[in-house]
Structures are given as structure tokens and as C-alpha cells.
Amino acid sequence: MASTLLLVVVFVFDLVAFALAVAAEQRRASARIAQDANSRYCVYESDIATGMGVGALLFLLLSQLLVMFATRCLCCGRALSPGRSRALAVFLFITCWVTFIIAEACLLAGSVRNAYHTKYRTVLSANPPSCETLRKGVFGAGAAFVVFTGIVSELYYVFYSKSDEGVIPTRDTGIRMGAL
């Protein structure tokens, strides 16, 4: 039987990760060109999106670790009973890891790129400096994959629990050592 407490905790962690990723998308760093006596330079506003992106990354990681420890990462522990639940559990296990890696990559890349700031000045007569910022949608893609990961990981846990409940039938070895 799947643990309702674990499902609720994983759901809450995924929900917090999603909320942080969406908030990071809304609060991406923006830049403007400032000018003083003889040079131009970039001035960056809010940098809170980096922390939100890292927070989303950590909450999603914690959620994934909880599910993997509860299921012993599918490969450790006793064998699952054969059937539809085991086949779905294996498929969802692979899908869960793929969506998790994509979500983590988006959140990590967004956080790193959002934290990067150009630190040079140009002379007034030269071209204005390139004030590079994070492209729109990187944290949004991470948030979408957080949702996919949350759904798939909870389904994986439920199907793993269903296939773990069954008893594996013992096989008749053929030769008995007793009297007839």
C-alpha cells in the first residue's frame, strides 16, 4: 500500500519547487545602461531569481530523493511481482529520472545564467556595453518539468507499491526429497 503521508510530502515539495520556479521566472534580473562622466556600464536590478531557482532545484531534489529512498531506487531490495504494475513502475521510473534531469538542468542553467553580470565599462564614443540577461522562459521550462516530474514520480511510487504488495509465487523445483 502506498504511503499517503509520503505522497502528501512529495506533493508539497513539488508544489513549493514549482512556485519558486514560477517566481524566479517573474523576477529574472533585468539590466539597463547607465552613464557617468566618461563611460557607460550596465546596472542590474533584482538578483533574487537566482536564489529562487536554487531553492526550486533543492526542493525538487529532496522530493526525488524521498521517492527513491522509499522505493529503494527500484534496483535494490527484493524483486517485484510480475505484472502490469511492475511494467508501469519500470517505465515510470525511467521517465521520472528523465524529466527530473531536464528540470534540474533548466533550473541550474537559469540560476547560473541569471547570476552572471557583465563587469566592464566602455568609453562614451564606443558601442554601448552588452548587458546580457537570462532569456525568458528558462525558469518557466524548469517549472513545467517540475510538474511533470511530480506527477510521474508519484505515479511511479503508487505502481511500485502495488507491485511490491504481491507475493512472488514459489516454483516447483521438480525433485522432492520426501516419501510418496
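1. Let's start with Phe148, which has 42% relative accessibility and so counts as partly exposed. Please keep in mind as you read that this is a predicted model.

2. A residue to look at alongside Phe148 is Phe145. Both sit in helix α4, which covers residues 138-165, and they are three residues apart, about one turn of the helix. Phe145 is also partly exposed, with a relative accessibility of 24%.

3. How many aromatic pairs does the model have? The count is five. Phe145 and Phe148 make one such pair: their ring centres are 5.5 Å apart and their planes meet at 85°, so the arrangement is edge-to-face. The cut-off behind that label is an angle over 60 degrees.

4. Further along, Tyr156 and Tyr160 are worth a visit. These two also belong to helix α4, and because they are four residues apart there, about one helical turn separates them. Their rings form an aromatic pair too, with 6.1 Å from centre to centre and 50° between the planes, which makes the pair tilted.

5. Are these tyrosines buried or exposed? Tyr156 has 0% relative accessibility and therefore counts as buried. Tyr160, at 3%, counts as buried as well. Both values fall under the 20% limit for that class.

6. Finally, which residues do ring pairs link into a cluster with Tyr156 and Tyr160? The answer is Phe93, which joins the two tyrosines in that cluster. If you have the structure open, you can look at Phe93, Tyr156 and Tyr160 together as one linked group of rings.

Note on methods. Residues numbered from 1 in each chain as written. Predicted model: local features only at pLDDT ≥ 70, side-chain atom pairs only at ≥ 80, totals over all residues. Heavy atoms only, no water. Phe/Tyr/Trp six-rings, centres within 6.5 Å; stacked < 30°, edge-to-face > 60°. Buried < 20%, exposed > 50% of the residue type's maximum accessible area, 1.4 Å probe, protein only.
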